[in-house]
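Colleague: I should like to learn how to read the features of a structural model. Please take me through one, step by step.

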Amino acid sequence: MSLVDLPLLPLGKGRDLTAERGVECLGDLPAASDPDLVARAIAAKEALGERVFVLGHHYQRDEVIQFADVTGDSFKLARDAAARPAAEFIVFCGVHFMAESADILTSDDQAVILPDLSAGCSMADMARLSQVEDAWDAMAAAGLQDNIVPVTYMNSSADIKAFCGRNGGVVCTSSNADVALEWAFDQKADVEGGGKVLFFPDQHLGRNTAVLKMGMTLDDCVVWNPLLPGGGLSVEQLQGAKMILWKGHCSVHGRFTTDVIDELRAKHEGIHILVHPECTHEVVLKADLVGSTEFIIKTIEAAEPGSTWAIGTELNLVQRLADAHPDKNIVFLDRNVCYCSTMNRIDLPHFVWAMESLVRGEVVNQIDVDDETEAHALVALQRMLDLPGKSHRD
Ligand code: 13P
Ligand code: SF4
């Protein structure tokens, strides 16, 4: 059997550089054990000065977050990137879809850099443009073309955001999903049969927002499975639904369970359960509070000393909150370690390599969304940034 016939992609020699497992950073990365990495990162940042702006998502490792000029959830970082027109380089310590959004929201003469190109997002990968277009066509065939507004979670690729821009839709984040849904239904308030939302890629955020914030019922929601013909739904099911949820999820937040919540409540009287809306509906129903990463941080900051909290979100953030609030008892809502493996790919060697390359005048790992995609995606992102009132509710 030749190498090309192998069903599994070989690593190392003969690997496929177009597949994620084959993605690598060309060049001389410093070793992770290099004792000078911190000093090198400081020196590179000083050398670049105002020319560079470093953004860090809350799920990033401590070793990287210490160099961020601002930290935030995906909504805040998108806004912060757009508010720095003077920085020549935006180094995005986060994942691919966030860097794409930053590129869309910044000017053409600013370069957005993702220190490790393999920092993707498994949830974003669950909705591909061709699949979304097939679903859209099936919904049109069911006679729903005038009723549906596409709403995509920020955690999606730029071409999906562009699809929403082209088709009267909007982007949302975990901070503003309710406001975005309200906006979407308002667009179709006068259409016969009323409005419907096609929400992707995270079924949990869509369901939790629809049921717990918008007053819909579980029966108003159906799940479109892109791997089944017709999404696995009948025309009647599509016509009867208000929320058509894409069958996607976050592999990190999908791990939290109600069993662990029950166990913790039995063990610790008065414990507060605080979770992210990417968790399953059952987990969110059993939690005391639910909100974006910014909301989780602000809740812990405002919590009473001595209070006890179990937090269901990415472990780097939970660990950092526990370290920053030694007067509060903070535990992780899972028995096992649960980092986001792709967020963790941005480590100090990649950060130092990206920054030192910039110092040398070499732009590496630039995220550059093509002009047409960018123009349409910007429409959907701008609709989100223009949402009325509390479009960021933290
Ligand atoms: P937020 O930053 O919007 O809370 O999203 C969490 C997340 O999973 C990012 O990948
Ligand atoms: Fe994607 Fe989940 Fe990781 Fe966020 S935490 S980047 S949604 S896999």
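Modeller: Let us begin with strand pairing. Strand 12 (residues 308-312) and strand 13 run parallel and are joined by four bridges. Strands are DSSP runs of E, at least two residues long, and helices are runs of H or I of at least four, both numbered from the N terminus; two strands pair if DSSP finds at least two bridges between them. This is a predicted model, in which local features need pLDDT of at least 70 and side-chain atom pairs pLDDT 80 or more, while totals for chains, interfaces and linings use all residues. Residues are numbered from 1 along each chain as written, chains are lettered from A and ligands numbered from 1 in written order, and side-chain values use heavy atoms, without hydrogens or water.

Colleague: In strand 13, which residue is the bridge partner of Trp 309?

Modeller: Ile 330 is the partner of Trp 309. The pairing belongs to an open sheet of four strands, parallel throughout, in the order 11-10-12-13. Strand 11 (289-290) and strand 13 (329-332) are its edges, each pairing on one side only.

Colleague: How does one read unusual backbone geometry?

Modeller: Most peptide bonds are trans, and most residues other than glycine have a negative phi. Here, the bond from Phe 200 to Pro 201 is cis, with omega near -10°, and Pro 201 is in the loop between strand 7 (196-200) and helix 8 (203-212). Asn 365, which is not glycine, has a positive phi near 50°; the loop that holds Asn 365 runs between helix 14 (348-359) and helix 15 (371-385).

Colleague: How many residues surround ligand 1?

Modeller: A residue is near a molecule if one of its heavy atoms lies within 4 Å of it. For ligand 1 there are 14 such residues, the closest being His 57, Ser 74, Ser 174, His 276 and Glu 278. By class, five are nonpolar, seven polar and two charged. Nonpolar means Ala, Val, Leu, Ile, Met, Phe, Trp, Tyr, Cys and Pro; charged means Asp, Glu, Lys and Arg; the others, Gly among them, are polar.

Colleague: Which side chains place an N or O atom close to an oxygen of ligand 1?

Modeller: Among them are Glu 278, at 2.9 Å, and Thr 293, at 3.1 Å. A polar side-chain atom of Asn 155 lies 3.5 Å from a ligand 1 oxygen. The protein covers 96% of the 300 Å² of accessible area (Shrake-Rupley, 1.4 Å probe) that ligand 1 has on its own.

Colleague: Which residues are around ligand 2?

Modeller: Asn 155 and Glu 278 appear again, together with Tyr 59, Val 95, Cys 121, Ser 122, Met 123, Cys 250 and Cys 340. This shell has six nonpolar residues, two polar and one charged.

Conventions. A polar contact is a pair of N or O atoms within 3.5 Å; within protein, one must be able to donate a hydrogen and the other to accept it, and residues adjacent in sequence count only if both atoms are side-chain atoms.
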